[in-house]
Amino acid sequence: MAHTAMSGTGTNAGDDPLQTAVWRLRSRGCWADAAALLDPHAADPAAALQRAALLGERCLYTEQGWAEAEDALRAAEAVTHTDEERGAAACERGQLAYASTLLKVQDRVDEARSAFGRAAALIAPGAAARALLDFRRGLMAENLADSPQAARAAYRRAHAGATAHEDVLLLSFTWRHLAGLALREGELAEARHGFAESLRLREELGYLVGTAPALVSLAEAEPEPEVSARLLAEAGRLFRLLGGVPTWLAGALAAAA
C-alpha cells in the first residue's frame, strides 16, 4: 500500500491519529470505512493513492467493489506529479488488474504486466515502494505465470526491502509466500518456520483480516493432526467473525471441515 505524507502507517503508538484510525479499520476488513476517512484529503496524491489501495485490497479479499476501486485509482492517477507517485499508482493499477485476473472477474494479465513494468521504471531501486512492487511481481510469477523460481527471486528481493525499511506487514506476506513455495517443494521445516513467522507478525500488528489465512497456511504444514485441527478451528472462527472474509478462504475451510 502507498503511504501517505502523514506520519506512520497506523501500526505504531506514535503514528498520525488518522493513520491509526485507517489501520484499525483496514485490519478488521472495513476497507470502505477506512477509505472514507481519506476522502477529505483526496487532493493529496499520497492520500489518494492510499485510498485507491484500500479499495483495491477490498476487491482482493471480498471479490466486490471493482468499479469503486477503478474510480479511486483513476482519481489518484489524475493527481500524481512525481515519478515516485506515478510509480506507486502504476503499482496499484497492476495489483488491481492482477486481482481481477486471479479471481476470474476479467482477464487483465497484459494490463498487470504493463503496469508493473511501468512502476519498475519509475520507482527507484532501494525505495520503500520497490519492495511492495517486487512482492506483487512475485505474485504474478507464482499465480499467473506458474514460475516458482521467478516468484522466489522476487519474494526474496521484497523480503530484503521490507526488512531494510522495517515494513512489518509486508514481511508477514513475504514470509508466508516464501513458505508456500517451500511447502510446494516438500521443505516442511522451512515452510512451518515461514508460516509461523507470518502468523506471529500479523498477530503482533493486530492484522485480524490476515490472520485466518496465516492460520490455514500453518495448518497445511503442521504434521500433528490435532495441532492442525486447532489451527483450522481458530481460522474458521475468525473467518465467521469477519463475515466470511477473505472469500477465497471458504473453500479451504470447508475442505478441512
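Helices whose axes meet at an angle under 35 degrees count as roughly parallel. In this predicted model, helix α1 (residues 17-27) and helix α3 pack at an angle of about 10 degrees, so the two helices are roughly parallel to each other. Their axes lie 12 Å apart. On the α1 side the contact involves Q19, V22 and R26, which meet Q50, L54 and E57 of α3. Sorted by class, the residues of this contact are two nonpolar, two polar and two charged.

Helix α3, which spans residues 45-62, also contains R58. The relative accessible area of R58 is 15%; R58 is therefore buried, as this value is under 20%. The side chain of R58 makes a polar contact of 2.7 Å with the side chain of E68. When neighbours within four places in sequence are set aside, the residues in contact with R58 are W31, A32, E63, Q64, G65 and E68.

Charged pairs were examined next. The structure contains 19 salt bridges. In one of them, R93 pairs with E77, and the closest N and O atoms are 2.7 Å apart. Because R93 belongs to helix α5 and E77 to helix α4 (residues 66-79), this salt bridge ties together parts that are 16 residues apart in sequence. The two partners are not alike in accessibility: R93 counts as buried at 12% relative accessibility, whereas E77 counts as partly exposed at 28%. Both R93 and E77 belong to a network of salt bridges that also links E70, D71, R74, R108 and E111.

A further salt bridge is found between the side chains of R86 and D83, with an N to O distance of 3.6 Å. Both residues lie in helix α5, and they are three residues apart, about one turn of the helix. R86 is partly exposed at 38% relative accessibility, and D83 is partly exposed with a relative accessible area of 45%.

E185 and R152 form another salt bridge, in which the closest N and O atoms are 2.6 Å apart. This pair links distant parts of the chain, 33 residues apart: E185 is in the loop between α9 and α10 (188-205), and R152 is in helix α8. R152 is buried, its relative accessible area being 15%.

The backbone was also considered. Most residues other than glycine have a negative phi, and most peptide bonds are trans. Against this background, K104 has a positive phi of about 60 degrees, although K104 is not a glycine. K104 is located in the loop between α5 (83-102) and α6 (109-122). At 75% relative accessibility K104 is over the 50% cut-off, so K104 counts as exposed.

E166 is likewise not a glycine and has a positive phi, of about 55 degrees. The loop that holds E166 runs between α8 (148-164) and α9 (168-184). E166 is exposed, with a relative accessible area of 66%.

A cis peptide bond is present between V245 and P246, where omega is about 0 degrees. P246 is situated in the loop between α12 (225-241) and α13 (250-256).

How values were computed
Residues numbered from 1 in each chain as written. Predicted model: local features only at pLDDT ≥ 70, side-chain atom pairs only at ≥ 80, totals over all residues. Heavy atoms only, no water. Helix = DSSP H or I, 4+ residues; strand = E, 2+ residues; numbered from the N terminus. Buried < 20%, exposed > 50% of the residue type's maximum accessible area, 1.4 Å probe, protein only. Polar contact = N/O pair within 3.5 Å; in protein donor to acceptor, adjacent residues only side chain to side chain. Contact = heavy atoms within 4.5 Å. Axes fitted to C-alpha atoms, helices over the stretch in contact; angles between N-to-C directions. Parallel < 35°, antiparallel > 145°, perpendicular 65-115°, else oblique. Nonpolar A, V, L, I, M, F, W, Y, C, P; charged D, E, K, R; others polar. Salt bridge = Lys/Arg side-chain N within 4 Å of Asp/Glu carboxyl O.
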